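Colleague: I would like to go through this model with you, one question at a time, with the reasoning spelled out before each answer.

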Amino acid sequence: MGENFGLENMKIFHFEEVSSTNTILRDMMADGCDVAGTVVVAGHQTAGKGMGENRWESEPNKNLLFSIALNVSFLKAEEQFKISQAVAVAILNAISPKLLTSSNSSNSSNPSISSNSSNPSIKWPNDVYVGSKKLAGMLIQNTISGMMMQTSIIGIGLNVNQLKFGGNIPNPVSLKMLTGNDFDLESLLDELIVNINDAVEDLRTEQGKERIDVAYRKRLFRRGEWAEYEHEGEIKSMIINGYDKYGRLCLSDKNGHEVVCDIKEIRFIL
């Protein structure tokens with residue numbers, strides 16, 4: 001039987017400031033707590049983390065910074081990438097309609113924003129982009145027992161109402177920058193929690209996994225397009241063909257040679 005947590009069954013904790021929402025959930029697990037169905041939300045993170053050594057920076061109380069813990073013991077350890085797919089698709093499903101209802105004061109007054117702002121994409125493995133700008137990122141930390149997954153802690157940073165970002169953040173964009181609209185953080189959070197839980201629950205069946213995979217592949221940033229990447233210390237022109245069952249990115253170079261990369265082995269040139 002699935003664990004379809006309605007919002008009324010979720011344990012949601014709000015903090016004004018924390019080091020990292022993922023860290024709070026990991027500490028709770030270390031203390032023996034069953035964190036499945038728990039959400040930790042922060043107005044500000046002092047040590048928000050992204051993929052690898054990256055940090056997520058955010059103006060206090062302007063954006064959504066939260067982590068959700070879900071029971072994923074129905075997935076094999078080798079299927080971890082499916083969680084990235086499901087969560088990225090869930091975020092797109094939540095935000096895409098909002099990008100279609102922009103006020104007329106937004107994109108025309110900001111030439112740096114892509115005119116294709118109503119069509120967000122997923123930059124492998126799980127960043128949400130609009131054009132060449134990053135709208136959301138995530139850090140997923142999984143626990144594994146034997147051959148099976150146990151708990152997934154999904155940390156998400158979504159730029160919502162912030163208009164100015166520090167110069168050390170290379171390509172950020174927010175919902176407000178894209179639409180000109182202010183968004184209610186609480187209602188948007190509720191919508192994201194429901195979408196994420198439903199998408200991960202979809203992974204319980206083969207049909208659900210296929211639906212998620214089709215949606216993810218369709219919105220994969222740069223799929224089928226020639227672009228530049230840094231690989232093995234060189235800038236190369238390559239085309240994204242897709243990904244393998246472990247979630248490694250599959251590309252081809254101009255000579256038709258296939259390149260298969262893990263997250264630390266390739267860098268997108270934007």
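Colleague: Which residues does Thr38 touch, not counting residues up to four places away in sequence?

Modeller: This is a predicted model, and in it Thr38 lies in strand E2. Leaving aside residues up to four places away in sequence, the contacts of Thr38 are Lys11, Phe13, Leu25, Met28, Ser67, Ile68 and Ala69.

Colleague: Is Thr38 buried or exposed, and what is its relative accessible area?

Modeller: Buried means a relative accessible area under 20%. Thr38 meets that cut-off and is therefore counted as buried, its relative accessible area being 0%.

Colleague: How far apart are the C-alpha atoms of Thr38 and Asn9?

Modeller: Along the chain, Thr38 and Asn9 are 29 residues apart. In space, the separation of their C-alpha atoms is 9.2 Å.

Colleague: In what order do the strands of the seven-stranded open sheet stand?

Modeller: Strand E1 (11–18) and strand E4 (121–123) are at the edges, each with a single partner strand, so one side of each has no neighbour in the sheet. The twist from one strand to the next averages 20 degrees. The pairing in this sheet is mixed, and the order is E1-E2-E3-E7-E6-E5-E4.

Colleague: Why is strand E7 largely enclosed by the rest of the structure?

Modeller: Strand E7 covers residues 148–158, and on one side E7 pairs with strand E3 (residues 64–71) in the antiparallel sense over eight bridges. E7 is also joined to strand E6 (residues 133–145) by nine bridges, again antiparallel. E7 counts as largely enclosed because, of its 11 residues, the number buried is nine.

Colleague: Which residues of E7 are the bridge partners of Ile68 and Asn142?

Modeller: The pairing of E3 with E7 is antiparallel, and so is that of E6 with E7. Ile68 has Ile154 as its bridge partner in E7, while the partner of Asn142 in E7 is Ser152.

Colleague: Which residue in the turn between E6 and E7 has a positive phi?

Modeller: E6 and E7 form a hairpin with two residues between them. In that turn a positive phi of about 65 degrees belongs to Gly146.

Colleague: Which residues of E5 are buried on its two faces?

Modeller: In a regular strand the side chains alternate between the two faces of the sheet. In E5 both faces are covered, with buried residues on each. On one side these are Asp127 and Tyr129, and on the other Val128 and Val130.

Colleague: Which residue of E6 is the bridge partner of Val130?

Modeller: Strand E5 (residues 127–130) is joined to E6 by three bridges, and the two run antiparallel. Their hairpin has two residues between the strands, and there Gly131 takes a positive phi near 60 degrees. Within this pairing Tyr129 has Lys134 as its bridge partner, and the partner of Val130 is Lys133.

Colleague: Which residue of E5 stands opposite Lys123?

Modeller: A hairpin joins E4 to E5 through three residues. The two strands pair in the antiparallel sense over three bridges. Opposite Lys123, in E5, stands Asp127.

Colleague: Which strands does helix H4 lie across, and at what angle does H4 run to E3?

Modeller: Helix H4, made of residues 185–201, lies across E1, strand E2 (38–45), E3 and E7. Its direction relative to E3 is about 30 degrees.

Colleague: Is H2 oblique or roughly parallel to H4?

Modeller: The axes of helix H2 (residues 81–99) and H4 come within 8 Å and cross at roughly 140 degrees. Angles over 145 degrees count as roughly antiparallel, under 35 as roughly parallel and 65 to 115 as roughly perpendicular. The crossing angle therefore makes H2, relative to H4, oblique.

Colleague: How do the residues of the contact of H2 with H4 divide into nonpolar, polar and charged?

Modeller: The contributors from H2 include Ala86, Val87 and Ala90, and those from H4 include Leu188, Glu191 and Leu192. By class, the contact divides into two charged, two polar and 10 nonpolar.

Colleague: What is the order of the five-stranded open sheet?

Modeller: The edge strands are strand E11 (258–261) and strand E12 (266–268), each pairing on one side only. Neighbouring strands are turned by 50 degrees against each other on average, direction ignored. The pairing is antiparallel, and the order is E11-E10-E9-E8-E12.

Terms used. Residues are numbered from 1 along each chain as its sequence is written. This is a predicted model: local features need pLDDT of at least 70, side-chain atom pairs count only at pLDDT 80 or more; totals for chains, interfaces and linings use all residues. Side-chain values use heavy atoms; hydrogens and water are left out. Buried means under 20% relative accessible area, exposed over 50%, partly exposed in between (1.4 Å probe, protein chains only). Helices (H or I, at least four residues) and strands (E, at least two) are DSSP runs, numbered from the N terminus. Two strands pair if DSSP finds at least two bridges between them. Axes are lines fitted to C-alpha atoms, for helices over the stretch in contact, and angles run from 0 to 180 degrees between N-to-C directions. Contact means heavy atoms within 4.5 Å. Ala, Val, Leu, Ile, Met, Phe, Trp, Tyr, Cys and Pro count as nonpolar, Asp, Glu, Lys and Arg as charged, and the others, Gly among them, as polar.
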